[in-house]
Amino acid sequence: MKDDGNESATLATLANKRILLGMTGGIAAYKCAELTRLLSKAGADVRVVMTPAATEFITPLTMQALSGHRVHLDLLDVDAEAGMGHIELARWPDLIVVAPASADFLARMVSGQAGDLLTTLLLASQAPVMLAPAMNQAMWLHQATQDNLSKLRDRGCHIAGPAEGSQACGDTGPGRMLEPAEIAAACASLFVAGMLSGLRLTITAGPTREAIDPVRFISNHSSGKMGYALAAEAVQAGARVTLISGPVNLPVPDRVHCINVTTAQEMLDACLSSVDDSDVFVGVAAVADYRVSDTRDHKIKKTADTLQLTLVRNPDIIGTLAARKQRPLMVGFAAETQHIEQYGRDKLLRKNLDLLFANDATATFNSDDICATALWGDAGSQKLGPANKNLVARQMLTLIAARIRASQPDA
Ligand code: C5P
């Protein structure tokens with residue numbers, strides 16, 4: 001794992017999480033810019049809802065730029081309802097964070113009001129709620145606020161803060177909103193860590209297609225099922241996944257960032273732009289080894305009895321990436337039809353990989369099941385399956401996690 005310091009380690013469980021940040025009116029709203037940055041950097045998908053009072057303190061444009069998504073402002077917004085409507089938005093998050101949570105907002109939440117978008121979302125959502133109160137110390141200490149807090153706690157809301165100290169109004173006491181890093185850490189602590197939490201994986205999948213003319217191409221039988229199963233399982237294990245996929249008939253797994261490509265060269269280009277941000281590269285794609293040297297601009301007519309095509313070698317994607325000085329953990333596949341382990345071990349060495357899964361091509365392509373042998377180091381090996389590709393994917397990811405641990409200096 002690339003080391004971004006302790007910050008990324010403590011926030012690792014936020015990867016792939018959907019967080020709805022609700023902002024109410026208070027001077028601490030400016031801290032939400034940094035909170036959004038931290039949550040996004042940890043891999044969370046952040047959507048922001050602002051009450052009208054919040055927009056008096058920080059602009060929706062700032063929050064839009066930092067979250068990368070349009071900010072939700074109104075309950076009865078025709079355009080917003082045509083996109084992600086408020087009930088859809090209520091079903092979307094894994095966590096709702098309200099920061100700053102003003103005294104007025106807490107009171108409205110306690111009484112179950114739904115007069116604006118944020119209170120409506122909180123009534124309609126089943127997601128856990130984290131509240132980061134911020135207000136003047138006298139307002140915080142008031143019995144009404146304390147009663148509200150205790151009711152919200154009883155309903156299962158998590159309360160982060162407030163801190164004590166000097167306040168924007170000149171008072172000193174409890175009521176300062178926690179710092180963004182503390183709120184982010186409180187959010188991260190609500191999620192369970194997976195074996196790949198905080199890691200970024202790039203996975204190639206499916207075949208590539210090399211055009212002969214505008215209607216014909218060279219390709220292979222790869223279905224993409226193994227790569228897609230790995231992508232889905234890696235997300236479940238806490239990883240952030242970029243899937244670089246050739247043409248397949250499979251839905252993109254939830255929370256996976258998918259880049260669609262057609263040719264080997266396009267796949268290499270996409271891999272080169274993704275690999276520097278990756279901790280692990282997994283080459284599952286059955287990349288066409290050759291492409292047609294002179295792809296025709298027009299359909300070839302069947303006038304001649306024979307047709308000759310000249311093929312040229314495609315770049316070896318995983319070999320190219322593994323040869324780079326700065327490289328992630330490199331994991332390859334070898335689909336063979338004979339001498340499976342021996343050819344697999346040759347490939348592990350020749351392509352300079354850290355781990356390789358060798359399997360029988362005739363039994364694997366387009367099948368829902370797989371039987372493979374994991375090979376690493378000088379003599380490491382383990383049989384996997386035969387079993388469903390999702391189950392074997394989990395075993396593969398366990399081995400990948402073990403190789404990462406082994407590659408870390410203090411392991
Ligand atoms: O050489 P072979 O195709 O058998 O090697 C298989 C491994 O190499 C797989 O991990 C596959 O994704 C990768 N590969 C590649 N670029 C190629 C050919 C294969 O990345 N041109």
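**Exercise 1. Find which helix and which strand each supply at least two residues of the shell around the ligand.**

Solution. α13 (317–322) and β16 (329–336) do. Helices (H or I, at least four residues) and strands (E, at least two) are DSSP runs, numbered from the N terminus. The model is predicted: local features need pLDDT of at least 70, side-chain atom pairs count only at pLDDT 80 or more, and totals for chains, interfaces and linings use all residues. Residues are numbered from 1 along each chain as its sequence is written, and side-chain values use heavy atoms, without hydrogens and water.

**Exercise 2. Trace the contacts of the ligand's oxygen atoms.**

Solution. Start with the shell.
- Of its 13 residues, G283, A285, I318, F333 and K347 come nearest. Near a molecule means a heavy atom within 4 Å of it.
- Next, the backbone. A polar backbone atom of G283 is 2.5 Å from a ligand oxygen. For A285 the distance is 2.6 Å, again to a polar backbone atom.
- Then the side chain. An N or O atom of K351 lies 3.0 Å from a ligand oxygen.
- Last, the cover. On its own, the ligand has 440 Å² of accessible area (Shrake-Rupley method, 1.4 Å probe), and the protein covers 86% of that.

**Exercise 3. Determine which residues line the largest cavity.**

Solution. The lining consists of H72, D74, A80, E81, M84, G85, H86, L89 and L117. Lining residues have an atom within 4 Å of a point on a 1 Å grid over the protein atoms alone; in a cavity, a 1.4 Å probe fits at these points but cannot get out. Two helices, α4 (78–82) and α5 (86–91), each supply at least two of the lining residues.

Definitions and conventions
Polar contact = N/O pair within 3.5 Å; in protein donor to acceptor, adjacent residues only side chain to side chain. 1 Å grid on protein atoms, 1.4 Å probe; cavity = no way out; pocket = protein on both sides within 12 Å on 5 of 7 lines; lining within 4 Å.
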